[in-house]
Amino acid sequence: MILERCLGSMLLVLSMLSNVLGAFVGVNIGTDVSSMPPASDVVAIVKAHQITHIRLYDADPHMLKALAGSGIEVTVGVTNEEVLGIGESASAAAAWINKNVAAYMPSTNITAIAVGSEVLTSVPHAAPVLVTAMNNLHKALVAADLNFQVKVSTPQSMDIIPKPFPPSTATFNSSWNSTIYQLLQFLKNTNSYYMLNAYPYYGYTNGNGIFPIDYALFKPLPSVKQIVDPNTLFHYNSMFDAMVDATYYSMDALNFSVIPIVVTETGWPWQGGSNEPDATVENAETFINKLIQRVSNNSGPPSQPTIPINTYIYELFNEDKRPGPISEKNWGLLFTNGTAVFPLSLGGPSQITGNSTAVFCVAKDDASEDKLRDGLNWACGQGQANCSAIQSGQPCYLPNNIKNHASYAYNDYYQKMHTVGGTCDFDGTATTTTIDPN
């Protein structure tokens, strides 16, 4: 973990525009987090960073209540464990819609339901009822008069496309053809979209050196190493674009050509084990920033240049409770106090970037320890700063002195509250600075 970045991180600004105006960048929120903030704090963090599209992996009532009135567009999730029951019972689907969607609308802006997560590859025994589950949920939305506001789809991984390169010859795994055909027919009939989980990190690390890492990181390639589809002669400047195009071509192979793709997950881990050398802060920072730039130019992949690639980054916080290698626990954009793991910038001219210079709130060098202690106690108490990271044994406990702890708490409070009137004063013990205090 990059401890020195606990305080100083630029404000993450992910300002999304509507589909009419262009593509959006959203963020996934997983909850396998040992120090998960309360739902109200999570929503405050999301709003502070101007994130306007989020995806939940379930339909957590605390989050859905906290999101009321925020205007944030929410994709709720049917868990893999729930798919079978909903697929087998229309009444179970209706109950799920009433409990998890209708009960919160319109104050909570639910716009989509993601049915399961990579069902075909992660819980294949549920595949036979997947599309039935989606149909049951859609019919329940129709009955509740919510079908025009809320779309139903299901995220699938790239693993169901065995040979994604060259994109023009990509096809879905033929053993799933019947299910995928039914799925695509449902998406077309309901004017929904295909949800794709596309990870260039895995495409590169599992690719046995076939593609250069710069291709996975959106970096320009030298003329002698251009990635070209030999059949269409399309140039692919990134693995991300090639993955999306491979999915479009796979749909086309089943004679479906008008279903847009939304990337429901993509990202890059910023820390890994000794056998995961590509999971670094530098690579994650490069991938995420260039991804935002790529999506914000509002174009599609070479075969579908007019269809923007709406995308959700995986993920808001590190899910440190997830099993697996170290990298699996380190995909988060933010620490749980709301500060960014690495600086992030927006590249598209249509995006609202906010202040170009980040502002931090820190303790003054000449402040008395008594006043700093009072300020620290207020920030962590009444000020509702998240001070868990400066407790003994936690990542930002060291250096263990009142000035550093106060600076952490002051900055946490300020980053969350300055947009709604919070100040950086703390009885004269604090000051703002544009110098990153890491």
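Here are some exercises with worked solutions on the predicted model shown above.

**Exercise 1. The disulfides**

Find how many disulfides the whole structure holds, and say which cysteines they join and which handedness each link has.

*Solution.*

Step 1. Start with a search of the whole structure, which finds 2 disulfides.

Step 2. Take C361 and C424, which are joined with an S to S distance of 2.0 Å. The torsion about their S-S bond is about 90 degrees, so this disulfide is right-handed.

Step 3. Now place the two partners. C361 belongs to strand β12 (residues 360-363), while C424 sits in the loop between α13 (402-417) and β13 (430-433), so the link ties together parts that are 63 residues apart in sequence.

Step 4. Turn to C380 and C387, again joined with S to S 2.0 Å. Here the angle about the S-S bond is -90 degrees, and the link is left-handed.

**Exercise 2. Buried or partly exposed?**

For each of the four cysteines C361, C424, C380 and C387, decide whether the residue is buried or partly exposed.

*Solution.*

Step 1. Recall the cut-off: buried means under 20% relative accessible area, and partly exposed runs from there up to 50%.

Step 2. C361 and C424 are both buried.

Step 3. C387 has a relative accessible area of 8%, so this residue is buried.

Step 4. C380 comes out at 31%, so this cysteine is partly exposed.

**Exercise 3. The surroundings of strand β7**

Work out which strands pair with β7 (residues 194-197), in which sense they run, and what covers the faces of β7.

*Solution.*

Step 1. Look at one partner, β6 (residues 155-157): β6 and β7 pair in the parallel sense over 3 bridges. In this pairing, P155 stands opposite M195.

Step 2. Look at the other pairing, with β10 (residues 261-266): 4 bridges join β7 to β10, and the two run parallel. Across this pairing, L196 stands opposite V263, and N197 stands opposite E265.

Step 3. Follow the chain connection. β6, helix α7 (residues 177-189) and β7 make up a β-α-β unit, and this unit is right-handed.

Step 4. Check the two faces. Y194 and L196 are on one side, M195 and N197 are on the other, and all of them are buried, so both faces of β7 are covered.

Step 5. Add a helix to the picture: α10 (residues 239-253) lies across β7, β10 and β11 (311-313), and runs at about 135 degrees to β10.

**Exercise 4. The sheet as a whole**

Give the strand order of the open sheet that contains β7, and name the strands at its edges.

*Solution.*

Step 1. Write down the order of the 9 strands: β5-β4-β3-β2-β1-β11-β10-β7-β6, with parallel pairing.

Step 2. Read off the ends. β5 (151-153) and β6 stand at the edges, each with a single partner strand, so one side of each has no neighbour in the sheet.

Step 3. Finish with the twist: neighbouring strands are turned by 25 degrees against each other on average, with direction ignored.

**Exercise 5. Two buried residues and a helix**

Describe where I29 and N386 lie and what they contact, and then say how helix α1 (residues 39-48) is covered.

*Solution.*

Step 1. I29 lies in strand β1 (residues 25-29), and its relative accessibility of 3% counts as buried.

Step 2. Beyond its neighbours within four places in sequence, I29 is in contact with residues including V42, V46, L56 and L316. I29 and V46 are 17 residues apart in sequence, and their C-alpha atoms are 10.0 Å apart in space.

Step 3. V42 and V46 are among the buried residues of α1. In this helix, 7 of the 10 residues are buried, and what covers them includes β1, β2 (53-56), α2 (61-66) and α13. After α1 comes Q50, with a positive phi near 55 degrees.

Step 4. N386 lies in the loop between α12 (369-380) and α13, and at 13% relative accessibility N386 counts as buried.

Step 5. The side chain of N386 reaches the backbone oxygen of T336 at 3.2 Å and makes a polar contact with the side chain of S388 at 2.9 Å. Leaving aside neighbours within four places in sequence, the contacts of N386 include P37, Y408 and D412.

Notes: Residues numbered from 1 in each chain as written. Predicted model: local features only at pLDDT ≥ 70, side-chain atom pairs only at ≥ 80, totals over all residues. Heavy atoms only, no water. Disulfide = S-S within 2.5 Å. Buried < 20%, exposed > 50% of the residue type's maximum accessible area, 1.4 Å probe, protein only. Pairing = 2+ DSSP bridges. Right-handed = clockwise from strand over helix to strand, strands pointing away. Axes fitted to C-alpha atoms, helices over the stretch in contact; angles between N-to-C directions. Contact = heavy atoms within 4.5 Å. Polar contact = N/O pair within 3.5 Å; in protein donor to acceptor, adjacent residues only side chain to side chain.
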